[in-house]
Amino acid sequence: MNRIVEQITDGIIHVFYSLDETGIDNEPICFSYNDKCVLMQEEVKTIPQTELRYISDTDGFKKKMTANGEVSYTESMQSIPAREMHSVKIKFTIGDNEMLLGLGQYEDGILNYRNHTEYLYESNMRIAIPFLVTTGNYGIMIDSESCQIFKSEGNTIKFFIDSAETLSYYVFLGKDIKEIISRYHWITGKPSMLPRWAFGYIQSKERYKTGDELESVTETFRKRNIPIDCIVQDWHSWEEGLWGEKKFDKTRYPDLKSIVGKLHENNVHFMVSIWPNMSSDSGDYKEFAEKDMLLPNSNVYDAFDENARNLYWKQCRREIMESGTDALWCDNAEPFSDADWSGISKKIESERYKVVTDASRKSMKWDRINSYGLYHAKGIYENWRKDYTEKRVLNLTRSGYTGIQKYGAILWSGDITATYDTLRKQIVEGIKMGLTGMPYWTLDIGGFFVVNDKYENRGCDSTDRTPLWFWKGDYNEGVKDAAYRELYVRWLEFGTFLPIFRSHGTDTPREPWQFGDEGDPFYDAIVANIRLRYRLMPYIYSIAAAAHMNGEVMMRGLAYDFPDDENALTVTDEYLLGPSVLVAPVYTPMYYSVGSTVLNEVKKSRSVYLPEGCGWYDFYTDEYYEGGQTIEADAPLDRIPIFIREGSIIPFSDDISYADEKDGKVSKVRVYEGRDAAFTMYFDRGDGYEFENGEYSLVKLHYTEESKKLTFTKVGKYPVDDSFDVEYLSQKQN
């Protein structure tokens, strides 16, 4: 094997193998940073294999309904040899103590992969990104689109790459995690700047069924003075039997442009669910089939083909985009994972990996199985940028891969279940996604599946009532159960402090008034937290801009900011939103158990670790605490523990009903005293791409503890109203 080692720039090393022969390269390669320390040694082994191409039999395709809609399949195939390839094992010898972080988002809530195995394949609830971030001043990115297995044992880590013609990987070296992620973005692309409204409240459920329903829901939000920025049309907007058709059913949506126009009159944006798999009876499918632009043995368009991506966009544009739609939801962006999403029992991880890989091999090249969602997003982004410059690209996608952050994408964690255990694990999975270089992550507030032992029947004629392993929520009565209403409130409070704030799910309604009315503690808690989100909009939009401009992480584990605090490194149920806001979600019931049973003598608090090196202010009471200690923090139904780091500056908005209501105006800046502080506020139009030509402004705030004064400087061309009030909060007040 021929190996080429190239120093790309300071702190970035590229290693390339030609894989022109089989065997082990026994000569180790050592990586160092600033000529100071050796980080790891590398070893590679390859095994030759022949990629097979699968050809369906002459009986043609059959179709069936699955959790991912209508899919085509054949019961018999023959295979013929295609390319000569290799399976590859690459092993690194590493240090004793570094944490192994990142790798995307999965299901089990594992933060530190030390002595763990993870299967890197794309599926519902799994987003595989082979970028490992460590606390040992290095990161590793495997430059492969193949399925992989990561394994850590003691002081060795291994990546098993399923199929490759060559081996390529990058090593990123830096003084901290922030610098490592910045260098990852240097290679893979910096995060896009999303529109300001994307950070407001997004109302979704499975599903709104008519245009009248969409209009009614948004009007109710406005009448109740509940802030909202987007409503979502989930699947089955098409005519019956035409799964994936990108045309709306005119009996239920008689004039889509008029419907979207009425939403816009209420200052509500519109997002539409689109699918890569299409019914063979649909016109969209036939257009792809005529041009031979479908993946083999499937009803899925070939997103790896630029011409097919352009055709897919053309179909989206004809009605959906031309009607004024503001965002697309690319569901099922890992279209061959159905083999995993079936059956009464969840398979063990190695079997899940195998069935998805085997199913995908029948339609995709073996070394590109993980990247379908990436190319799908690429086609949306590049075509959107050409046709609609006044709107920033926004694509909610269930799957992504290395570099997805540059395509205007939001990732979410798939069809999760409504349990407290799931809620707990989602905290970790969101942290990992941030540490994998993807700032825009969200989830289904309340869990997608709420009830237990439901069978899948997406409108088809199936009589199969076999329970499915993934449909295992704890609340068969949905919103009628006070226990679920409590869980939903806790989940929404968590969502208030996520990069993207979105409710979604099946089995039970999701609108705030479904959980009570004004004066009801559940309803009041939901509305109060949605309003709080909008008061924090200047802070959230500014940290999103920092993610775009500087590679900052929005949702960050404590290791990102406190790498020298050994206690902080072990915390997996807290995180920082931006540099200042410490979030401690509540993930245990305190008021009700299933069946609306009242829980007596359960404390309404949770323990919170406050990292050392600074003090912390309770966001709600302003009480000051020294860092480096664990406290018992109050957690009544209407709030979760939130703390602000000493030496922070937080900008606030007035109460607003939608993100752009006052053009991003800041009404108040709060200074949390105790040490010098700085924060950069970002201002632009909130949408469009004028900011790329300098049409934005930065207001750089500086607080000096010695003088107790806040000063600011404005840089940029965008007009800014700087008439905000300043409030100083001193620990001496407590």
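Me: Before we look at the sheet, what makes two strands pair?
Reply: Two strands pair if DSSP finds at least two bridges between them. Strands themselves are DSSP runs (E, at least two residues), helices are runs of H or I with at least four, and both are numbered from the N terminus.

Me: Cool. What kind of model is this?
Reply: This is a predicted model, where local features need pLDDT of at least 70, side-chain atom pairs count only at pLDDT 80 or more, and totals for chains, interfaces and linings use all residues. Residues are numbered from 1 along each chain as its sequence is written, and side-chain values use heavy atoms, with hydrogens and water left out.

Me: So how many helices and strands are in the protein chain?
Reply: The protein chain has 13 helices and 39 strands.

Me: And what order do the 8 strands of the open sheet take?
Reply: The order is 22-21-20-19-18-17-16-23, with parallel pairing.

Me: Which strands stand at the edges?
Reply: Those are strand 22 (441-442) and strand 23 (501-503). Each has a single partner strand, so one side of each is left without a neighbour in the sheet.

Me: How many bridges join strand 18 to strand 19?
Reply: There are 4 bridges between strand 18 (residues 269-274) and strand 19 (residues 327-330), and the two run parallel. Val272, for instance, has Leu328 in strand 19 as its bridge partner.

Me: New topic: what share of the residues is buried?
Reply: Of the 734 residues in the protein chain, 61% are buried, meaning under 20% relative accessible area with a 1.4 Å probe, counting protein chains only.

Me: And what does the C-alpha trace span?
Reply: Along its principal axes, the C-alpha trace of the protein chain spans about 80 × 70 × 55 Å.

Key
Buried means under 20% relative accessible area, exposed over 50%, partly exposed in between (1.4 Å probe, protein chains only).
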